[in-house]
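The following exercises concern strand pairing and the surroundings of one acidic residue. Please work through each task before reading its solution.

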Amino acid sequence: MLRFRSLGSGSSGNATVVEAGDGLHVRRLLVDCGFGIRQLATRLGAAGLGIDQIDAIFITHEHSDHVGCATTVALRHQIPVWMSHGTHTALGAPDLDGLLRVAHDMEPIDLGTLCALPFTVPHDAREPLQLRCTDGASHLGLLTDLGHASSHVLQQLQGCHALLLEANHDPDMLAASGYPAFLKRRIAGEHGHLANHAAAGILATVRHPGLNRVVAAHLSAQNNQPRLAQEALAQALEWPSHGVDIASATSGTDWINVARSL
């Protein structure tokens with residue numbers, strides 16, 4: 001069984017646990033680690049987990065709200081850390097005492113009952129990667145922190161049964177915000193963050209009858225509202241608005257099972 005839980009998603013920090021088991025063995029991947037170590041432990045505890053139950057960490061890119069305490073956690077608990085060479089370089093090439101695993105576009109990461117496939121995305125980072133995860137039967141797409149969906153991105157999301165998808169901002173709210181002009185341009189740019197309508201466009205392209213769970217993630221506290229994100233994504237899916245979940249910055253989500261539709 002494949003399931004996932006956001007521990008929190010937003011500019012203040014991001015982390016998601018992906019878990020897969022076959023009845024005998026369970027493997028858990030922590031995707032991003034953008035909190036302090038005490039906060040991470042608290043959020044894992046709310047999910048019924050301890051840090052020692054994490055089998056591997058995957059860092060999507062070097063921005064602080066995704067890296068957080070990853071190096072400290074890895075060294076203290078001897079957890080392997082996957083990231084691209086570019087991300088490792090951008091972080092100053094920290095010494096991970098043999099725990100570094102270099103991730104590459106389209107090279108699967110086999111954790112046993114869980115397999116994760118990294119793929120490149122257009123974002124203003126050195127070598128950002130996002131993930132498609134599977135237990136061999138069900139498929140989960142994790143996609144945040146990108147300015148637009150390339151054909152490569154769209155291809156990796158085909159056939160997913162669940163998606164955690166960035167819906168960062170409402171363009172009108174961003175334009176009217178007090179953000180400086182350079183920051184508005186960065187956020188709205190081709191290597192920035194997805195607006196609600198852009199996330200909806202992705203869903204309209206990759207939707208299929210087997211897609212049954214969608215979580216809107218990385219919402220801006222200043223430039224978006226959960227209602228706006230839900231409405232935009234639900235319209236693309238032809239679902240009711242309440243059918244789209246929201247990953248909050250403070251509490252993330254509950255555990256969500258990824259299941260194939262019958």
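Two strands count as paired if DSSP finds at least two bridges between them. The model examined here is predicted.

**Exercise 1.** Determine how strand S10 is joined to S9 and in which relative direction the two strands run.

*Solution.* Begin with the bridges: S9 (residues 129-134) and S10 are joined by 4 of them, and the strands run antiparallel. Next, take one bridge as an illustration: Leu131 has Leu142 in S10 as its partner. Finally, consider the connection: S9 and S10 form a hairpin with 4 residues between them, and Gly136 in the turn has a positive phi of about 100°.

**Exercise 2.** Establish the relation of S10 to S11 and explain why S10 is described as largely enclosed.

*Solution.* S10 and S11 run parallel and share 4 bridges; Leu140, for instance, is the bridge partner of Ala162 in S11. Together with helix H5 (residues 151-157), S10 and S11 make a right-handed β-α-β unit. As for burial, 4 of the 5 residues of S10 (residues 139-143) are buried, so the strand is largely enclosed by the rest of the structure.

**Exercise 3.** Characterise the surroundings of Glu166 and state which side chain of opposite charge is nearest.

*Solution.* First, locate the residue: Glu166 belongs to strand S11 (residues 162-166). Second, examine charge: Glu166 is buried but has no salt bridge, and the nearest oppositely charged side chain, that of Arg186, is 8.6 Å away; a salt bridge would require a distance within 4 Å. Third, inspect polar neighbours: the Glu166 side chain reaches the backbone nitrogen of Asp145 at 3.2 Å. Lastly, beyond its neighbours within four places in sequence, Glu166 contacts several residues, including Leu143, His193 and His218.

Note on methods
Residues are numbered from 1 along each chain as its sequence is written. This is a predicted model: local features need pLDDT of at least 70, side-chain atom pairs count only at pLDDT 80 or more; totals for chains, interfaces and linings use all residues. Side-chain values use heavy atoms; hydrogens and water are left out. Buried means under 20% relative accessible area, exposed over 50%, partly exposed in between (1.4 Å probe, protein chains only). Lys and Arg count as positive and Asp and Glu as negative; His and the chain ends are not counted. A polar contact is a pair of N or O atoms within 3.5 Å; within protein, one must be able to donate a hydrogen and the other to accept it, and residues adjacent in sequence count only if both atoms are side-chain atoms. Contact means heavy atoms within 4.5 Å. A crossover is right-handed if, with the strands pointing away from the viewer, the path from the first strand over the helix to the second runs clockwise.
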